[in-house]
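Trainee: Please take me closely through one part of this model. I would like to start at a single residue and work outward from there.

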Amino acid sequence: MKKIDVATWERKNVFNFYEHMDIPMYSMTFELDVTCFYRYVKAKNQSFYFTFMHLVMKEMNKIENFKYRFVGDTPYVFDTVHPSFTDLINGKDLFKIVTVDYVPDEKQFIKLARKVSDDQGDTFIDFSKEVRHDLVYITTFPWATYQQVSFAHNINHHDAVPRLTWGKYHIVRDRKMMPFSIGVHHAFVDGFHVGKLINNLQSALDAYIL
């Protein structure tokens, strides 16, 4: 990771404007066409959740703005950001929070995410892993589609960890459309960067051809 010199940073004015707002995090919800991607994961017998999680992390790690975080009161940029995700506990209607390192290889990541989750058992959270700053908080809502979402968080204007969630797809003119929501800190991420991520995600989803 690298400390950012705000005085010489091209985002200085934007950063200073949004940094101390009471609620500097904003969220947006989009629909993604997952038709090709869904066909791919089913044919490969892969987890939709973990495969899509890997894809999102790959695309987020390509855009520097999604790797900015506060360490104390100081902004830093991290080399790589990693998922901290919810997973259902086997045999229960309870979930746990699991943190795993992102790795570029899709199958290796899926295998690692499953192993870390399995090894955690029914422990709700490992707080020793959650103290990291280089995380992205991820959850899913696979039981129904939705049009908007809010994210649980404390009022902390230096909490810049992005929040992601996605829901059950629905059919629109023979296409599988899935709601996808993102929450980000405006001092670090503008609508331009969110739009770039969404467009890149859609292009990547369309590229999953058998």
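Mentor: Start with N45. It is exposed, because its relative accessible area is 70% and the cut-off for exposed is over 50%. Keep in mind that this is a predicted model. N45 sits in the loop that links α2 and α3. That places N45 just after α2, where its phi is positive, about 55°. N45 takes this positive phi without being a glycine.

Now step back into the helix before the loop. Helix α2 covers residues 35-43. Its buried residues are T35, C36, F37, Y40 and V41. What do the buried residues of α2 pack against? Their partners are β2 (25-33), α3, α4, β10 (175-185) and α6. We will visit several of these in turn.

Take α3 next, on the far side of the loop. Helix α3 spans residues 48-60. Two packed helices are described by the angle between their axes and the distance between the axes. For α2 and α3, the angle is about 125° and the axes lie 10 Å apart. The pair is therefore oblique, since an angle over 145 degrees would be needed for roughly antiparallel and 65 to 115 would be roughly perpendicular. The crossing is right-handed. Which residues meet there? From α2 come F37, Y38 and V41. From α3 come F48, T51, F52 and L55.

Helix α3 has another helix partner, α4, which covers residues 106-120. Here the packing angle is about 120°, with 9 Å between the axes. By that angle, α3 and α4 are therefore oblique to each other. Their crossing is right-handed. On the α3 side, the contact involves F50, T51, M53 and H54. On the α4 side, it involves E106, F109, I110, A113 and R114. Note T51: it meets α2 residues in one packing and α4 residues in the other.

Next, follow α2 to α6. Helix α6 runs over residues 191-206, and L205 lies in it. L205 counts as buried because its relative accessibility is 0%, against a limit of under 20%. Setting aside neighbours within four places in sequence, L205 contacts L32, D33, V34, C36, F37, F52 and L55. In that list, C36 and F37 are buried residues of α2, while F52 and L55 are α3 residues that meet α2. One long-range pair is worth a look: the C-alpha atoms of L205 and Y38 are 8.9 Å apart, although 167 residues separate them along the chain.

F52 leads on to the core. In soluble globular proteins, nonpolar side chains tend to be buried together. The largest nonpolar core in this model has 53 residues. Those touching the most other members are F52, F85, I138, L164, W166 and F180. Helix α3 supplies the largest share, nine residues. What does F180 touch, beyond residues up to four places away in sequence? Its contacts are M28, T29, F30, L32, F52, V56, Y146, L164, T165, W166, I198 and L201. L32 and F52 are shared ground: L205 contacts them, and F180 touches them.

Return now to backbone angles, where N45 has company. D174 has a positive phi of about 70° and is not a glycine. It lies in the loop between β9 (170-172) and β10. D174 is exposed, because its relative accessible area is 70%. A glycine offers a further example: G72 has a positive phi of about 70° in the turn of the β3-β4 hairpin. Two residues lie between those strands.

That hairpin belongs to an open sheet of three strands, ordered β1-β4-β3 with antiparallel pairing. β1 (2-3) and β3 (68-71) are the edge strands; each has a single partner, so one side of each has no neighbour in the sheet. β3 and β4 pair over four bridges. Two bridges join β1 to β4, which covers residues 74-77. V77 in β4 ties the order together: K2 stands opposite it, and it is the bridge partner of Y68.

To recap the part you asked about: N45 is exposed in the α2-α3 loop, and the two helices cross in the right-handed sense.

Definitions and conventions
Residues numbered from 1 in each chain as written. Predicted model: local features only at pLDDT ≥ 70, side-chain atom pairs only at ≥ 80, totals over all residues. Heavy atoms only, no water. Buried < 20%, exposed > 50% of the residue type's maximum accessible area, 1.4 Å probe, protein only. Contact = heavy atoms within 4.5 Å. Core = buried A, V, L, I, M, F, W, Y, C linked by side-chain atoms within 4.5 Å. Pairing = 2+ DSSP bridges. Axes fitted to C-alpha atoms, helices over the stretch in contact; angles between N-to-C directions. Parallel < 35°, antiparallel > 145°, perpendicular 65-115°, else oblique. Left-handed = near helix turned anticlockwise from the far one by under 90°.
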